[in-house]
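Thanks, everyone. I'll take one strand and work outwards from there. Please have the model open.

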Amino acid sequence: MSSSFTGSSPLAAYGWDDALEHEFTSHRAAGLIPARVAAVDRGLCDVVTENGPARASTGSAGSGSDPVAAPCTGDWAALRAGGPDGRPAVAALLPRRTAIVRSSSSRDSRGQVLAANVDTVAVAVSLAAPLDLGRIERLLALAWESGARPVVVLTKADRVPGAAGARAEVAAAAPGVDVVACSAATGEGVEAVRAVLSGTVVLVGPSGAGKSTLGNALLGAEALATGAVRDADGKGRHTTVRRQLLPLPGGGVLIDTPGLRGVGLFEASQGLERAFADVEELATGCRFGDCAHLSEPGCAVLEAVEDGTLPRRRLDSYRKLLRENAWAASRTDRRLRAEREDRTKAISRWQRQLYRERGRDR
């Protein structure tokens, strides 16, 4: 399919491209239409189609037991017109290129997808509040694990006398990541932020970080609700109550997300390796390949802490997140084992019932 087709499609503004058109071939042959999920709530979703916006049922795609497989903001979907309730229904989801997955808030060892098919994860950090480097490292691990490219945006730069020191401090905790400071209120630095964003961009961070205000500055319109924050601690109310997807002027797509009170890691081993690339690089110089960087002789990581090359805080954060990720993985393994055992027992019960019925028929 030539690029002239996808370029002329109304969905091109939302990221539709030739590769997606190719993937959709069998769905078109089945009479389905492409759509991008803009928001999801209560078994329904707002979607954007070639004919404009629509309200659709999540259909069979949202009825499974695995929440990770359910439709979420950013998904590309195949819609079937005229579902049981008269609405179009999501018949299938196209394979996700990337997905931001955190541990579910119910702590049931399953993941929760925050956004799908994201190219850039913009971690919003307010300079009007004390820096929480541990939270930033956690969000960067989540972003790297998704397969998207993370950037850190320091917001509310007009609220502090100088952002250079904070930027350097964050950059030291974010190796390989662009760190940009801006003030959406004054417009200073917004173009610099725009320059490091590409494709589908998702804004993540706690309430009060200025995500929606930054989003409005990038959109060039007051499209996202904003609210005041408390002066005492810089925290704000959840003015964004659900994820939503909007096209950016000049190209690209923006996904705004509700403030994240807590972000649990979910199978994020590769993300941690990228977020702590400096620690991983130092570890290659350890005497033992399985060094835990606790008290082993010849530990290059501990030597870096001793000589000041690596901050002790950063090593402590690395250890904490590794423990959390290992714990989450073990819970997932236990759940999968339990589910396999349940299936085996169900098959055994069915077989016993079948044998009994056959015995009575003889």
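**A strand and its neighbours**

Start with one pair: Val-121 has Val-202 in β11 as its bridge partner. Keep in mind that this is a predicted model.

Zoom out to the strands. β8, residues 120-126, runs parallel to β11, and four bridges join them. Now look at β13, residues 253-256. β11 pairs with β13 too, in the parallel sense, over four bridges. There, Val-202 stands opposite Ile-255.

Next, burial. Is β11 mostly covered or mostly open? Mostly covered: five of its five residues, 200-204, are buried. Take the faces in turn. One side carries Thr-200, Val-202 and Val-204, and the other carries Val-201 and Leu-203. Both faces are covered.

So much for the strand. On to the packing. As a rule, nonpolar side chains in soluble globular proteins tend to be buried together. Here, the largest nonpolar core has 64 residues. Which members touch the most others? Val-118, Val-121, Val-123, Leu-140, Val-152 and Val-202. Helix α4, residues 133-146, supplies the largest share of this core, with eight residues. Another core lies apart from it, with 17 residues, including Leu-203 and Cys-182. Leu-214 and Leu-224 are also among them.

Last stop, back at Val-121. Set aside its neighbours within four places in sequence. What is Val-121 then in contact with? In β11, there are Val-202 and Val-204. Elsewhere, the contacts are Ile-100, Ala-143, Ser-146, Ala-148, Arg-149, Pro-150 and Val-151.

That's the tour. Over to you.

How values were computed: Residues numbered from 1 in each chain as written. Predicted model: local features only at pLDDT ≥ 70, side-chain atom pairs only at ≥ 80, totals over all residues. Heavy atoms only, no water. Buried < 20%, exposed > 50% of the residue type's maximum accessible area, 1.4 Å probe, protein only. Helix = DSSP H or I, 4+ residues; strand = E, 2+ residues; numbered from the N terminus. Pairing = 2+ DSSP bridges. Core = buried A, V, L, I, M, F, W, Y, C linked by side-chain atoms within 4.5 Å. Contact = heavy atoms within 4.5 Å.
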